[in-house]
Amino acid sequence: MSDLYRVHGSENQFYLLDQTQLQAALTPEEQQQLAIELAQREHVDGLLVVDESDSALGKMTVVNADGSLAKMCGNGLRTVARYLSERQHQRDFAVTTALKDLSVAQQPDLAPGVPAFAVEIAPVSFDPTALPFTPALSETPIIDQVLPALHPSLHFTAVAVPNPHLIAQVTREQMTSPLLQTLGEQLNATNPYFPEGVNVSFAVQLAPNELFVRTYERGVGFTNACGTGMAATTLALSQTKADVAMNQVVSVYNPGGMVKTRVHHDDTGFWIDLIGNATVMAHATIDEDALHRGQWRDVTIEATPEQAAYEQFVATLPREF
């Protein structure tokens, strides 16, 4: 039998599979088939695959709900960090992701029964080729810029972290309007601006260094939270007239809870700390042959008490949306 774990960061839910514990690793095609099956049957946002790494404590691959690959997932990385921390008895280490080994570290619990980890969000680029977007949208980096092709008045920032993100600060009325879904669907279908699609985030400033963020994710749609989206939004707003400061802790609320972010900058560029929960909701066991076939059948699932603890924590948070 094989073990999987249903995990979440800010209710961005995944199944975590440690391939090093299997008799035979799943092929990339089998991983994609399994992710699609899990999304349909278990209503999760994707699959986190853990492998060995030559340069870090482990490697994370993120397979979206539609079977596509994500370059990074901040919420997912926190849960992988916790899994590796407990398996290897380390608190501060690195995890290999698609483009970079990233630093992670255990943090004090957010609340009783709510473990937390900090993860590095990098590399960061405003270069049009890193997202990419086409000259039909802009020939230069997009930072606090009106894009008439998308909206007549919203100011957008486009940044890769390394997942591509398009961010706008909006009013409370715009946050609850259909506009985010409309833009998200438009820019993740065939379109003349983002040929590979893009994550679209709206942000409302609640107070100095305090935001609410909602994201339409490429390859998934709306999720309860997007870790790289919250990190990218903090960075984007720190570069505009918004009341978001560099090198200070920012509280970022989302439909699934909240995280803390902090933007850093030196001669090498930007990076962001993302600090939040790493919750294990359930432990699942399944025959390994079924995994290779992408069939989620005859599964034994045992819930943990952690979700109840997380929900108690979320109940203490301000809820404006």
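Here are three short exercises on the chain above, each with a worked solution.

This is a predicted model, in which local features need pLDDT of at least 70 and side-chain atom pairs count only at pLDDT 80 or more, while totals for chains, interfaces and linings use all residues. Residues are numbered from 1 along each chain as its sequence is written, and side-chain values use heavy atoms, with hydrogens and water left out.

**Exercise 1. The whole chain**

Task: Find out why the radius of gyration of the chain agrees with that of a compact globule.

Solution:
- Start with the rule, which works over C-alpha atoms: 2.2 Å times the number of residues to the power 0.38.
- For 321 residues, a compact globule would have a radius near 20 Å, and the chain has 19 Å, so the two agree.
- Now look at burial: 59% of the 321 residues count as buried. Buried means under 20% relative accessible area, exposed over 50%, and partly exposed in between, with a 1.4 Å probe and protein chains only.

**Exercise 2. Two salt bridges of helix α1**

Task: Describe the salt bridge of R6 with E42 and that of R41 with E37.

Solution:
- First, the general idea: side chains of opposite charge can pair when their charged atoms come close.
- Next, the cut-off: a side-chain nitrogen of Lys or Arg must lie within 4 Å of a carboxyl oxygen of Asp or Glu.
- In the pair of R6 and E42, the closest N and O atoms are 3.0 Å apart. This pair links distant parts of the chain, 36 residues apart: R6 sits in strand β1 (residues 2–9) and E42 in helix α1 (residues 28–42). Helices (H or I, at least four residues) and strands (E, at least two) are DSSP runs, numbered from the N terminus.
- Both R6 and E42 are buried.
- R41 and E37 meet at 2.4 Å, N to O. They are four residues apart in helix α1, which means a separation of about one helical turn.
- R41 is partly exposed at 45% relative accessibility, whereas E37 is buried at 16%.

**Exercise 3. A bridge between loops**

Task: Work out which loops the salt bridge of D144 and K241 joins.

Solution:
- The N to O distance in this pair is 3.9 Å.
- D144 belongs to the loop between β8 (114–121) and β9 (145–146), and K241 to the loop between α5 (227–238) and β15 (250–254), so the partners are 97 residues apart.
- D144 is partly exposed at 27% relative accessible area, while K241 is exposed at 78%.
- To finish, the structure holds eight salt bridges, and R82, E86 and E306 are linked in a network of them.
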